[in-house]
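Here's a quick briefing to read with the sequence and the 3D view open side by side. Take it one topic at a time and look up each residue as you go.

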Amino acid sequence: MTLTADQTAVDQGRRLVTELPGPRSRELMARKSVAVAGGVGTTMPVFAARAAGGIVVDVDGNHLIDLGSGIAVTTVGNSAPRVVDAVQEQVAAFTHTCFMVTPYEGYVAVAEALNRVTPGDHEKRSALFNSGAEAVENAVKIARAATGRDAVAVFDHAYHGRTNLTMAMTAKVMPYKRGFGPFAGEVYRAPVSYPFRDAGPDGALDGAAAARRALDLLDKQVGADQLAALVIEPIQGEGGFIEPAPGFLPALAQWCHEHGVVFVADEVQTGFARTGDWFACDREGVVPDLIVTAKGIAGGLPLSAVTGRAELMDAAHAGGLGGTYGGNPLACAAALAAIETIEAEGLLGRAREVEALMTRRLRALQERDPRIGDLRGRGAMIAVELVRPGTTEPDADLAKAVATAAHRDGVIVLTCGTYSNVLRFLPPLSISDALLEDALDVLDTAFASVPGKAR
Ligand SMILES: *Cc1c(COP(=O)(O)O)cnc(C)c1O
C-alpha cells in the first residue's frame with residue numbers, strides 16, 4: 001500500500017498539546033546529544049514527525065506553523081502531492097545507476113527544464129549536483145576552465161556554503177569558518193550594496209554608486225583580467241536578506257560582460273518562485289552567465305545545479321564535472337514535479353500574495369515598535385532587521401528573544417545576518433493566509449513580550 005499525500009494530510013491549524021519541547025522531543029534530544037556530533041546544531045529542540053501545507057507536526061503531536069521551509073527548501077510544500085507521486089514511482093523503478101555510468105531520462109529532463117526557466121533565452125547547458133555548496137564549487141570550476149583565470153570575487157555578508165572553497169567565499173566567521181582553515185586561495189571580497197547600512201550624510205548609496213565602489217576595489221586590488229568569476233547572491237540569504245539597491249546587479253553584470261568575467265548568480269536561496277519570480281535576477285532583467293540553484297529545486301530532495309551559457313558550460317573537459325550521486329533519479333523526479341507544481345499552481349503569484357500579507361502586518365508592527373529598523377525582502381523571503389531604536393546598532397539579543405518566544409508558541413522562525421539581528425521568514429507557498437495571520441499574531445505577541453532595553 002502506498003500512502004498518498006491526502007492520507008497523510010495534516011490538519012492546518014497551530015495546536016500545542018504539550019509544552020515545547022514535549023517529552024518525546026526531550027527524549028530524542030537526549031539521544032541526539034550522545035549520538036550526533038556536537039557541531040551539528042538545531043534551531044529548535046523539537047523533532048519532526050510529519051509536515052504538509054504550512055504545518056510541521058512534532059513527535060508529541062504539536063502542530064507548528066512553518067515560517068522556515070527547512071531553510072527555503074520546501075517552497076512547493078512538504079510532501080507536495082506531485083512530488084510524492086513522482087518519487088514513489090521512481091523509487092519503485094530504480095534508485096540509482098549513476099548518470100555517468102548508465103544515464104537516464106530524468107536528469108536530461110531536469111536539465112531541459114532548468115535551461116527553460118532560468119533567465120535568458122540563449123543556448124544553455126546544465127549539470128546536476130547534490131548540495132548548494134557543491135554546485136557553487138562547480139560554477140567556479142567551470143568559470144576557471146572557460147576563462148583560464150584563477151581569481152574569484154565575492155561580497156561582504158555573502159554565504160556560499162561550508163566546503164573548503166565555499167567557506168573561503170562565505171563572509172561570516174562564526175559559526176561557518178572559525179577553526180576550519182586554511183581556506184582556498186584566490187578569493188577576493190568586495191563591499192555589497194546594503195541600503196539600510198549604506199546611508200551616509202548624503203542619503204543611501206544608490207545601486208550604481210555601490211557598484212562603482214565594489215568594482216573600483218576589484219579593479220585596483222585584483223585586476224579585472226585576473227578574475228574568472230564574480231559570484232553574488234542577488235538577495236543575500238544567511239547574510240541578512242540584504243536586497244541591493246536597484247541598479248547594483250545590472251552594473252555588476254555589465255562590468256563582467258565588458259571584462260570577460262563570468263557573472264555567477266548564486267540563487268540557491270532565492271530561486272524557484274521564492275521571491276515571486278522564477279529567480280531573483282528576473283526582477284531587474286539581469287541575465288547571469290551561470291546560475292547556481294539548489295534548496296527549492298526539488299521539494300525537499302537533495303539536488304543542485306549549475307545552468308549557463310553553452311560555451312562556458314562546455315568548456316570543462318569530459319569527465320571533469322560530475323559525482324556519484326549528482327542528479328540522483330529520485331531527486332530528478334522530485335525536481336520535475338516541483339517545477340510542474342510551481343507552474344500548475346501559479347506559485348509565483350502566490351509568493352507575491354504572501355509578500356503583500358506579510359509586509360502589511362510587519363509594517364504595522366514596525367510602526368508600533370521602533371526596534372524594527374528595517375523591513376525588507378521579496379515574495380516569501382521577508383525579513384526584519386532589529387536595532388536599538390533610532391540607530392542602526394544591531395540588537396542580536398532581541399532577535400534571539402523574539403525567535404525563542406515564537407518557538408515556544410509554536411511558530412518556526414529563523415534568524416540570520418552578519419550581526420545575528422535579523423528575523424527571516426521563508427514560509428512554504430502551500431501555507432494558508434489564515435496560518436500566516438496566526439503566525440504574525442504570535443510574532444506581535446513575541447515582540448510585545450520582550451521589553452525594550454533602557455539606553
Ligand atoms: C544554503 C546556501 C548555499 C549552500 O547550500 P547547501 O545545500 O547547504 O550546500 C549556498 N548559497 C546560498 C545562497 C545558500 O543560501
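What follows is a short tour of the ligand site, the hollow spaces, one sheet and a few backbone oddities. Keep in mind that this is a predicted model. The protein covers a good part of its ligand, 82% of the 380 Å² of accessible area that the ligand has on its own. There are also two cavities of 30 Å³ or more to look for.

**Around the ligand**

- Start with the neighbours: Ser-131, Gly-132, Ala-133, Tyr-159, His-160, Glu-233, Asp-266, Val-268, Gln-269 and Lys-295 sit around the ligand.
- Sorted by class, that shell is a mix of three nonpolar, four polar and three charged residues.
- Lys-295 reaches in with its side chain, and one of its polar atoms there lies 2.6 Å from an oxygen atom of the ligand.
- Gly-132 uses its backbone instead: an N or O atom there is 2.7 Å from an oxygen atom of the ligand.
- Tyr-159 also takes part through its backbone, with a polar atom 3.4 Å from a nitrogen atom of the ligand.

**The two cavities**

- The largest cavity holds about 40 Å³ of space.
- Its lining is made up of His-157, Ala-158, Tyr-159, Thr-170, Ala-171, Lys-172, Tyr-176, Glu-238, Gly-239 and Thr-418.
- Spot the double role: Tyr-159 is part of this lining and is also one of the residues around the ligand.
- Four nonpolar, four polar and two charged residues make up the lining of the largest cavity.
- The second largest cavity has about 30 Å³ of space.
- Around that second one you'll find Thr-118, Pro-119, His-122, Lys-124, Pro-288, Asp-289, Ile-291, Thr-307 and Gly-308.
- By class, this lining splits into three nonpolar, four polar and two charged residues.

**The second largest pocket**

- This pocket offers about 460 Å³ of space.
- It has 24 lining residues, and those nearest its centre are Phe-99, Tyr-107, Ser-126, Ala-127 and Leu-321.
- Both α4 (105-117) and β4 (124-129) supply at least two residues of the lining.
- Which element gives the largest share of the lining? That's β4, with six residues.
- Twelve of the lining residues are nonpolar, eight are polar and four are charged.

**A four-stranded sheet**

- Strands of a sheet pair through backbone hydrogen bonds, either parallel or antiparallel.
- Here, four strands make an open sheet with mixed pairing, in the order β1-β2-β3-β13.
- Which strands sit at the edges? They are β1 (48-52) and β13 (411-412), each of which pairs on one side only.
- β1 and β2 (residues 55-58) run antiparallel and are joined by four bridges.
- To see how they line up, find Ala-48, which stands opposite Asp-58 in β2.

**Backbone oddities**

- Leu-20 and Pro-21 are joined by a cis peptide bond, with omega about -10 degrees.
- Pro-21 belongs to the segment before α1 (23-35).
- Another cis peptide bond links Met-174 and Pro-175, this time with omega about 5 degrees.
- You'll find Pro-175 in the loop between α6 (164-169) and β6 (187-190).
- Phe-272 isn't a glycine, yet it has a positive phi of about 60 degrees.
- Look for Phe-272 in the loop between β8 (262-266) and β9 (290-293).

Note on methods. Residues numbered from 1 in each chain as written. Predicted model: local features only at pLDDT ≥ 70, side-chain atom pairs only at ≥ 80, totals over all residues. Heavy atoms only, no water. Pairing = 2+ DSSP bridges. 1 Å grid on protein atoms, 1.4 Å probe; cavity = no way out; pocket = protein on both sides within 12 Å on 5 of 7 lines; lining within 4 Å. Points joined across faces, edges and corners; volume = space filled by probe spheres on them. Nonpolar A, V, L, I, M, F, W, Y, C, P; charged D, E, K, R; others polar. Near = heavy atom within 4 Å. Polar contact = N/O pair within 3.5 Å; in protein donor to acceptor, adjacent residues only side chain to side chain. Areas by Shrake-Rupley, 256 points an atom, 1.4 Å probe, with all protein chains shown as cover.
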